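This report describes a helix, a ligand shell and a pocket. Look at the model first, then read on.

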Amino acid sequence: MKKVAFYTLGCKLNYSETSTIARMFENRGYLKVDFSDSPDIFVINTCSVTENADKKCRKVVQEAKKISPDSYVTIVGCYAQLKPVEISEIPGVDAVLGAAEKFQLIDYLDGFEKKEKPKVFASEIKEAKRFNHSYSYGDRTRTFLKVQDGCNYGCAFCTIPLARGKSRSDSIANIVDAARKIADTEVKEVVLTGVNIGDFGIQDGRRVEKFLDLVKALDEVEGINRFRISSIEPNLLTKEIINFVSKSKRFVPHFHIPLQSGSNKILQRMNRRYLRELYAERVATIKRLMPHCCIGVDVIVGFPGETEEDFLETYQFLNELDISYLHVFTYSERANTDAIEMDGVVPMKDRNKRSKMLRSLSEKKRRKFYEENLGGQFTVLFEEDVEDGVMHGFTENYIRVAAKYDPILINETKKVELREINNRGVVEVMEVGEEVLTH
Ligand code: SF4
């Protein structure tokens, strides 16, 4: 029995796809093992958004070859689609498969016989038209369910459409089926993932379904405690979706909404499809209907043309906005994007300074959000990780809580009262009406 190990770089979508490819191997009689367990085959799923994608990929290949010098090393994923030839030249790589080929890799590589030259199967991205159904499995608590892939937007900084192709989706019927299968396992939380999930519903180039209808259908799936929407573009997060989530049985009050800049001038240069006023209005609607809702924000600093004034406009906008945390990205040049041709390049030291300022704003926002919720009662889903006798979990509105380790609590939901923020920045809790969970 050949042993195969996997390594994933990047996002939740990549995790769900690696997990699906791993199940394909298992169904064909391969043994899935840990990376360090002398595998015969390595599959490395790469990302194009990660800083230094090339360096990271090389490092993982080197590591793999150290563990199993005679192993067969296969590279798939976004970076493999963007730079197949360069990747095939990394010493130790045996095969590279692009977006249209990665789910057929066992057939393409037929027996994983090493050849003198690496094999490259990467068609042009316009060939990646199929939707390949995926969900992650392995973590008992939560699974990432892929509902959509690709993107038809053309944000000036982004390589994802070049790496993943046009927007396409699974059907609501298939997704509900998958959710029912997941409900038969121990998993309690499903995170809907995709590249641009608000754009859900395009099949074979035609829009046939709507994201809101998917949300409504999933809300009826018994056996899943929570559905979480991973990230949704502000222009696609309609009032109807917000309204439905506010009354839903299973969708949790947590949205992650990319803003990217709080300056309308920069948003237009980025080719984003909204202005800051729309964003502020979405946040206000959410908070009016769900005062406890957690709102996460993606923001990019140092985009070409971003002056100090533009950045301060973003800072001010975010400072005044009722949001809960930020994911801050420092702009970095990517080949074949519109942004790389733009003037107004921001010096790296300014990009880093701006990033630092927003990261500390994020800490302030998170703390304030946690403080506002102290004394409130929420449901925590406890996870497996244990640190110094303490276990963690998340409330439905994404507050990280700590409790004394008790194996019985793993993958269980408990109604708790949020008591105080400890010195590690997580919230200590008390089980409602019963024993104290705090250490
Ligand atoms: S919406 Fe913009 S940033 Fe998001 S994947 Fe599409 S092109 Fe990239």
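What should the 13 residues of helix H12 (residues 308-320) span at 1.5 Å a residue? The expected span is 18 Å, and the end C-alpha atoms of H12 are 18 Å apart, which agrees. That expectation is 1.5 Å times one less than the number of residues. Helices (H or I, at least four residues) and strands (E, at least two) are DSSP runs, numbered from the N terminus.

This is a predicted model, in which local features need pLDDT of at least 70, side-chain atom pairs count only at pLDDT 80 or more, and totals for chains, interfaces and linings use all residues. Residues are numbered from 1 along each chain as its sequence is written, and side-chain values use heavy atoms, without hydrogens and water.

In H12, Asp310, Phe311, Thr314, Tyr315, Phe317 and Leu318 are buried (under 20% relative accessible area, 1.4 Å probe, protein chains only). Seen down the axis of H12, these buried residues fall within an arc of 165°, so they line one face of the helix; the arc is taken from the directions from the axis to the C-beta atoms. Glu309 and Glu320, on the other side of H12, are exposed (over 50%).

The ligand is surrounded by residues including Cys151, Tyr153, Glu233 and Arg272, where near means a heavy atom within 4 Å. The second largest pocket is lined by 21 residues, with Ala128, Lys129, Lys166, Ser167 and Arg168 nearest its centre; lining residues have an atom within 4 Å of a point on a 1 Å grid, where a pocket is an open set with protein on both sides within 12 Å along at least five of seven lines.

| Group | Nonpolar | Polar | Charged |
|---|---|---|---|
| Shell around the ligand | 7 residues | 1 residue | 2 residues |
| Lining of the second largest pocket | 7 residues | 8 residues | 6 residues |

Here Ala, Val, Leu, Ile, Met, Phe, Trp, Tyr, Cys and Pro count as nonpolar, Asp, Glu, Lys and Arg as charged, and the others, Gly among them, as polar.

Methods: 1 Å grid on protein atoms, 1.4 Å probe; cavity = no way out; pocket = protein on both sides within 12 Å on 5 of 7 lines; lining within 4 Å.
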